[in-house]
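Visitor: I would like a close look at one part of this model, its largest pocket, and at the parts of the fold that go with it. Which residues lie nearest the centre of the pocket?

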Amino acid sequence: MSKYMFILRSSDEANAANADVDFAEMLETMGRYNNELIEAGVLVAAEGLAPAVESVVLDFSSTPPVVTDGPYGETHELFDGFWIVDVANQEEAVAWARRIPVGAGVKIEVRRVPSLDEFPDDGYTRAERAWRERTGNL
């Protein structure tokens with residue numbers, strides 16, 4: 001099994017088109033999809049994000065990093081939420097991502113999450129593995 005992250009990216013046009021969608025209806029639709037993931041036993045995590053205007057951006061081009069309010073620069077696509085699923089392969093991940101109930105102007109990026117076993121077995125990796133085992137965050 002491999003973990004994959006579905007990154008929900010919405011364009012300004014998609015957000016404008018969905019401005020009139022009833023929030024309760026959207027939650028119901030997305031809830032049904034999330035429930036399918038749960039029933040299939042593949043959902044690891046899922047979260048929506050607050051609007052980008054509530055964010056801050058840290059720019060590490062200088063020391064100390066500069067912190068600015070709101071989304072970074074011009075935003076053509078915003079990261080609005082994510083899912084992490086644990087499935088057999090990329091093809092299965094894509095099959096699940098195709099079922100996400102979103103409309104035009106939305107993109108879903110599917111990225112594999114490397115396992116801890118893919119990193120060097122050093123003190124930091126061993127400490128993280130122990131933390132994951134202790135907290136159940138495997």
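Guide: A word on naming comes first: helices and strands are DSSP runs, of at least four residues for a helix and at least two for a strand, and they are numbered from the N terminus. The model is predicted, and in it the loop between strand S3 (56-59) and strand S4 (66-69) is where Pro64 is found. The peptide bond that leads from Thr63 into Pro64 is cis, its omega being near 0°. As background, most peptide bonds are trans.

The frame around the pocket can be described briefly. Four helices and six strands make up the secondary structure, and read from the N terminus these elements follow the order β-α-α-β-β-β-β-α-β-α. The C-alpha trace spans about 50 × 45 × 25 Å along its principal axes, and of the 138 residues in the protein 21% count as buried.

Now to the pocket you asked about. The largest pocket holds about 980 Å³ of space, and of the 31 residues that line it, Leu8, Phe23, Met26, Met30 and Asp80 are those nearest its centre. Strand S1, helix H1 (12-17), helix H2, strand S2 (43-48) and strand S5 each contribute at least two residues to the lining, with H2 giving the largest share, seven residues. In chemical character the lining divides into 20 nonpolar residues, eight polar ones and three charged ones.

Asp80, one of the residues nearest the pocket centre, also has a polar partner, since its side chain is joined to that of Ser10 by a polar contact of 2.7 Å. Ser10 has its place in strand S1, and because its relative accessible area is 6%, under the 20% cut-off, Ser10 counts as buried.

Some of the elements that line the pocket also serve the largest nonpolar core. That core has 16 residues, of which Phe6 and Trp83 touch the most other members, and the elements that give it two or more residues are strand S1 (2-11), helix H2 (23-40), strand S5 (77-87) and helix H3 (90-98). In soluble globular proteins, nonpolar side chains tend to be buried together.

Two further residues show how these elements stand towards other parts of the chain. In strand S5 we find Asp86, which is partly exposed because its relative accessible area, 23%, falls between the cut-offs of 20% and 50%; its C-alpha atom is separated by 6.5 Å from that of Val44, although the two residues are 42 residues apart along the chain. In helix H2 we find Glu36, likewise partly exposed, with a relative accessible area of 33%. The C-alpha atoms of Glu36 and Arg99 are separated by 10.0 Å, with their positions 63 residues apart in the chain.

The last helix to mention is H4, residues 123-135, whose 13 residues reach 18 Å from first C-alpha to last, close to the 18 Å expected at 1.5 Å a residue. At the start of H4 a side-chain oxygen of Asp122 comes to within 3.1 Å of the backbone nitrogen of Tyr124, and just after H4 the residue Gly136 adopts a positive phi of about 80°. Most residues other than glycine have a negative phi.

To return to your question, the residues nearest the centre of the largest pocket are Leu8, Phe23, Met26, Met30 and Asp80.

Terms used:
Residues numbered from 1 in each chain as written. Predicted model: local features only at pLDDT ≥ 70, side-chain atom pairs only at ≥ 80, totals over all residues. Heavy atoms only, no water. Expected span 1.5 Å × (residues − 1). Polar contact = N/O pair within 3.5 Å; in protein donor to acceptor, adjacent residues only side chain to side chain. Core = buried A, V, L, I, M, F, W, Y, C linked by side-chain atoms within 4.5 Å. Buried < 20%, exposed > 50% of the residue type's maximum accessible area, 1.4 Å probe, protein only. 1 Å grid on protein atoms, 1.4 Å probe; cavity = no way out; pocket = protein on both sides within 12 Å on 5 of 7 lines; lining within 4 Å. Points joined across faces, edges and corners; volume = space filled by probe spheres on them. Nonpolar A, V, L, I, M, F, W, Y, C, P; charged D, E, K, R; others polar.
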